[in-house]
Amino acid sequence: MSTENTESRESAEQGATTVNTGLAHMLKGGVIMDVVTPDQAKIAEDAGAVAVMALERVPADIRATGGVARMSDPDLINGIIETVSIPVMAKVRIGHFVEAQVLEHLKVDYIDESEVLSPADYVHHIDKSTFKVPFVCGATNLGEALRRITEGASMIRSKGEAGTGDVSEAMKHIRTINAEIAQLASTAEDELYLAAKELQAPYELVKKVAKDGRLPVVLFVAGGVATPADAAMMMQMGADGVFVGSGIFKSGNPAARAEAIVKATTYYDDPSVIAEVSKGLGEAMVGLSVADVPAPHRLAERGW
Ligand SMILES: O=C(CO)[C@H](O)[C@H](O)COP(=O)(O)O
């Protein structure tokens, strides 16, 4: 390849990186909602969601019915794309690069390489740098987040324990990521080589996080967020936004709860707003305490 071609490819790649992370920045401060039908997508859009995540079953139903959970039917994804004007994300199994090729072909706005679906590869994640469409990936700690970013993820979401309605794992993961970043920021420069080795992440990326005191991409929180107060708490913990799935569409009044969670995410530091929007929402999802979920059934354990 000529020098000129190499340069233009590099510049195109840099451009793609900017665009890829740019969409995630536009979603900041918002709620991304799991939806399984075009009607649900419309409810989410009307409630003020900044994007929807198309999938076949919300995590609570994946957990309840078991079996192998895969990428959704393209007809469902197309139906949702045609119904709403906000960005549409969709999930692929960890390591399933052909499902990702299909979603890119369908022109989804974002791909979630998600532990909520059954992994297709227990060793490798997708090489996301080979795609034009941006990816979001889950992480339970800083090392995991940095490995996903190295593979090309443009956005990270902490995993929580999806489908439980129990926010405690989401809290654990955002606290862990925050604490590990704070520790890096106070690490002497000549000790960052060891930190990189321990985090199993590239030195240059570790150095950047230490210098900036934050991830180089947007960080949302997911998994177990079920009430307006849950969402506001994640925002007060420093999240750039929240994903909510089962908490809305497994509740008694999805439209009202969706709107309330959006408002609480926006006014996350105003208890008077959170109190107001929490009134009269009807039944919250029944939920499942994470302490009662045995380790082999924990979705957050998937991914490495
Ligand atoms: O995997 C996801 C993020 O991509 C889900 O949207 C999220 O984890 C939903 O979890 P829950 O159903 O507990 O809200």
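UniProt positions are given here in the numbering used for this structure, and its annotations may be inferred rather than shown by experiment. With that in mind, the unreviewed UniProt entry lists Lys91 under "active site". The model you're looking at is predicted. It comes with a ligand, and Lys91 is among the residues that come nearest to that ligand, so let's start there, because lysine 91 is also buried, at a relative accessible area of 6%.

**Lysine 91**

- To find lysine 91, go to strand E3, which covers residues 88-93.
- Is lysine 91 buried or exposed? Lysine 91 has a relative accessible area of 6%, and buried means under 20%, so lysine 91 counts as buried.
- The side chain of lysine 91 makes a polar contact with the side chain of aspartate 112, at 2.9 Å.
- Setting aside neighbours within four places in sequence, lysine 91 is in contact with residues including Asp34, Met53, Ala54 and Leu55. Met71, Leu103, Asp112, Ser114, Val116 and Leu117 are also on that contact list.

**Around the ligand**

- Which residues come nearest to the ligand? Of the 17 residues around the ligand, those are Asp34, Lys91, Asp112, Gly245 and Ser246.
- Arginine 157 has a polar side-chain atom 3.0 Å from an oxygen atom of the ligand.
- Two glycines offer backbone atoms instead: a polar backbone atom of glycine 163 sits 2.8 Å from a ligand oxygen, and a polar backbone atom of glycine 245 is likewise 2.8 Å from an oxygen atom of the ligand.
- How much of the ligand does the protein bury? On its own the ligand exposes 370 Å², and the protein buries 100% of that.

**Serine 246**

- Serine 246, one of the residues that come nearest to the ligand, belongs to helix H11 (residues 246-249).
- With a relative accessibility of 5%, against a cut-off of under 20%, serine 246 counts as buried.
- Beyond its neighbours within four places in sequence, serine 246 is in contact with Val58, Pro59, Ala60, Gly163, Ser251 and Met285. Gly163 on that list is the glycine whose backbone has a polar atom 2.8 Å from a ligand oxygen.

**Strands E1 and E2**

- Strand E1 (residues 31-35) pairs with E2 in the parallel sense, over four bridges.
- One of the links here goes from aspartate 34 to its bridge partner in E2, methionine 53. Both Asp34 and Met53 also turn up among the contacts of lysine 91.
- Strand E2 (residues 51-54) is covered on both faces: Ala51 and Met53 are on one side, Val52 and Ala54 are on the other, and all are buried.
- As background, side chains in a regular strand alternate between the two faces of the sheet.

**Strands E6 and E7**

- Strands E6 (residues 155-158) and E7 run parallel and are joined by four bridges.
- What is the bridge partner of isoleucine 156 in E7? That partner is leucine 219.
- In E7 (residues 218-221), Val218 and Phe220 point one way while Leu219 and Val221 point the other way, and all are buried.
- Serine 158 is in strand E6. At 0% relative accessibility, serine 158 counts as buried, the cut-off being under 20%.
- Not counting residues up to four places away in sequence, serine 158 touches Leu219, Phe220, Val221 and Ala222, along with Ala139, His173, Ile174 and Ile177.

**Out toward the solvent-accessible side of things**

- The unreviewed UniProt entry has a "binding site" annotation that covers Arg175. Arginine 175 is in helix H7 (residues 168-185).
- At 48% relative accessibility, arginine 175 doesn't reach the over 50% needed for exposed, so arginine 175 counts as partly exposed.
- Glutamate 198, in helix H8 (residues 192-199), counts as exposed at 58%.
- How far apart are the C-alpha atoms of glutamate 198 and leucine 23? They are separated by 31 Å, and the two residues are 175 residues apart along the chain.

**Two loop residues with positive phi**

- Lysine 107 isn't a glycine, yet its phi is positive, near 70°. Lysine 107 lies in the loop between helix H5 (97-106) and strand E4 (110-114), and it is exposed, with a relative accessible area of 64%.
- Glutamine 200 isn't a glycine either, and has a positive phi of about 55°. You'll find glutamine 200 in the loop between H8 and helix H9 (203-212), where it is exposed at 57%.

Definitions and conventions
Residues numbered from 1 in each chain as written. Predicted model: local features only at pLDDT ≥ 70, side-chain atom pairs only at ≥ 80, totals over all residues. Heavy atoms only, no water. Buried < 20%, exposed > 50% of the residue type's maximum accessible area, 1.4 Å probe, protein only. Pairing = 2+ DSSP bridges. Contact = heavy atoms within 4.5 Å. Polar contact = N/O pair within 3.5 Å; in protein donor to acceptor, adjacent residues only side chain to side chain. Near = heavy atom within 4 Å. Areas by Shrake-Rupley, 256 points an atom, 1.4 Å probe, with all protein chains shown as cover.
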